Amino acid sequence: MTRSLTCLFLLAIPVLAGAATTDSRTTGIVAIVGATVVHPELDGGSAVSPNYTVIITGDRIQAVGPATTTKVPHGARVIDAHGKWVIPGLIDSHVHFFQSGNLFTRPDAADFGRFVSYASEVQRNQARLPQTFRVWLASGVTSVADVGGPFWNFAVRDAARASTAAPRVATTGPLISMIPRPQLDLGDPPIIKVASPGEARALVARELPHEPDYIKVWFIHEPGDDLAAQESIVRATAEAAHAAALRLAVHATELVVAKAALRAGADFLVHSVQDEPVDDEFIALARDRHILYCPTLFVTMGYRYALSGTWKPTEAEQRLADPQVLAGLHLEAVPPDQLPERVAKLIREHPAVTPPTVALQNLIKVWDAGITVVMGTDAGNIGTVHGPSVFREMELMQRAGLTPLQVLRSATVNGAATMAQSDLGTIAVGKRADLVVLDADPLGDVCNLSHASFVLKDGHVFTPKELMSF
Ligand SMILES: [Zn+2]
């Protein structure tokens, strides 16, 4: 990476775009009156409070109580929420802002470079950040955790902090990786291979001045790799992260690799164990370390749909995704002679795309063992769009066997643990006013989470429609 290239990237990110139209919406005091308030942290009947009022002052919840006894302050902006539900703002614990979700965003997986260059795709993603922030809010997602990308990821976090119409963003820098990804190196690569514990420590040291929210390892274990040597690299990374009071997030998708990651000090597994059922040893390691476990059930399906030409937007994605990104998922737009060979083969073979069975079964085992499950999409990967892909993910979690309340818990109060912010994820006095007002009961079916009439972030009130007017 050269310094000048990094600076160019930083300058390219628009800051504050879109904020001007929303600042005027701040009233200071907002009253959501007559709603059924959902408490995802509680069980059974305690999880719902019918006919409640929520009072918000500035960016905080000031009062929550029965509508009959909770006084609406004079001058408050009143949202009549009779017949509606209020939930804490959703939290996606696994996203990547350097990727858009379109076909051209991961040339290491499928190289469409003859049709759209990777450099132009990354420039488009940077220029499009204000809209990407908006699709997250329009989907009711008020916080996201970016778990790895170029050093300009930190400028994304700055831009989100400076904008009213943006989710809160936690982030880290380049993935500390077991393998290189030269296809993604434009001067500030998102993935950097390290060959030794010393190189891992050096890369952590380069990230620390940017104040990352965690450190991330891409623990790819290929046949013939020395697992013990790889584990020592992860351990060195964990020690360096922990010495700086940071958590270690690890990509480890096979049981043997995930256990090595946990032994080495991982605090956050950013994917499911996908290859075989988790065993007692895994559960014990995960419990001992009090880890976060993010299933990312849809992302592999997204790749398969998109690269076989069978990706179709859901109803929620038609309303709430960035139309530019949806247009970039139309494989028919790519001339046949410019298709990557892998894609041409998938189109010929037309594989059935099915949910990842082992991952779904492992989700229930992990949940029942009391491990903290956090909802995350891996948005930005091909076929997994920013924003409404949360509804695909939560539908799969429900299909795996979690109740809608459990899914909602993973996407709110548990997600607050990913963000390391205890003032997020619940509706209580003193918490941040990140809220979603829904038209239908989210505890009846998680699909109802996609129908918001209002989204509040730090007390600022938005409608999905105005957020999507760009
Ligand atoms: Zn990821």
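This is a guided tour of a predicted model, going from its zinc site through its nonpolar cores to its salt bridges.

**The zinc site.** Begin by selecting the zinc ion together with H94, H96 and D378, which are its protein donors through NE2, NE2 and OD respectively, at 2.0 to 2.2 Å from the metal. Written along the sequence, the spacing of these donor residues is H-x1-H-x281-D. Colour the chain by secondary structure here, and you will see that the site links distant parts of it, since H94 belongs to strand 6 (residues 90-95) while D378, 284 residues apart from H94, sits in the loop between strand 15 (372-373) and helix 15 (389-400). Both H94 and D378 are buried.

**The largest nonpolar core.** Next select F112, F219, V250, L269, F282 and M394, which, within a largest nonpolar core of 122 residues, touch the most other members. Helix 8 gives this core its largest share, seven residues. Centre the view on L269 and show what surrounds it: beyond its neighbours within four places in sequence, L269 is in contact with V250, A258, A261, L262, F282, I291, L292, Y293 and C294. Another core lies apart from this one and has 17 residues, including V54, I61, A81 and L456.

**Helix 9.** F282 leads on to helix 9 (residues 280-288), where F282, I283, L285 and A286 are buried. Look down the helix axis: the buried residues of helix 9 fall within an arc of 165 degrees, so they line one face of the helix. On the face turned away from that buried side, select D280 and D288, which are exposed. To see what covers the buried residues, display helix 8 (255-264), strand 13 (268-269), strand 14 (292-293) and helix 14 (357-368), which are among the covering elements. Just after helix 9, pause at H290, whose phi is positive, at about 50 degrees.

**M178.** Now move to M178, found in the loop between strand 9 (175-177) and strand 10 (191-193). M178 counts as buried because its relative accessibility is 7%. Among the residues that M178 touches, leaving out those up to four places away in sequence, are V217, W218, F219, I220 and K193. A distance label between the C-alpha atoms of M178 and K193 should read 5.4 Å, although the two residues are 15 apart along the chain.

**Salt bridges.** The model holds 25 salt bridges, of which a few merit a closer view. Select D43 and R409, whose side chains meet at 2.8 Å, N to O. Because D43 lies in the loop between strand 1 (29-38) and strand 2 (48-57) and R409 in helix 16 (residues 404-410), this pair ties together parts that are 366 residues apart in sequence. D43 is exposed at 54% relative accessibility, whereas R409 is buried, with a relative accessible area of 14%.

Continue to R128 and D322, a salt bridge also listed at 2.8 Å, N to O. R128 lies in the loop between helix 3 (118-127) and helix 4 (129-138), and D322 in the loop between helix 11 (315-320) and helix 12 (323-327), so the pair ties together parts 194 residues apart in sequence. R128 is buried at 15%, and D322 is buried at 5% relative accessibility.

Then select E395 and R399, whose closest N and O atoms are 3.2 Å apart in a salt bridge; being four residues apart in helix 15, they are separated by about one helical turn. Finish with D59, R60, R168, D423, R432, D434, K457 and D458, which a network of salt bridges links together.

Technical notes
Residues are numbered from 1 along each chain as its sequence is written. This is a predicted model: local features need pLDDT of at least 70, side-chain atom pairs count only at pLDDT 80 or more; totals for chains, interfaces and linings use all residues. Side-chain values use heavy atoms; hydrogens and water are left out. Helices (H or I, at least four residues) and strands (E, at least two) are DSSP runs, numbered from the N terminus. Buried means under 20% relative accessible area, exposed over 50%, partly exposed in between (1.4 Å probe, protein chains only). Contact means heavy atoms within 4.5 Å. Donors are N, O and S atoms within 2.8 Å of the metal (3.2 Å for Na, K and Ca); water is not among the atoms, so sites may look incomplete. The arc is that of the directions from the helix axis to the C-beta atoms. A nonpolar core is a set of buried Ala, Val, Leu, Ile, Met, Phe, Trp, Tyr and Cys residues joined through side-chain atoms within 4.5 Å. A salt bridge is a side-chain nitrogen of Lys or Arg within 4 Å of a carboxyl oxygen of Asp or Glu.
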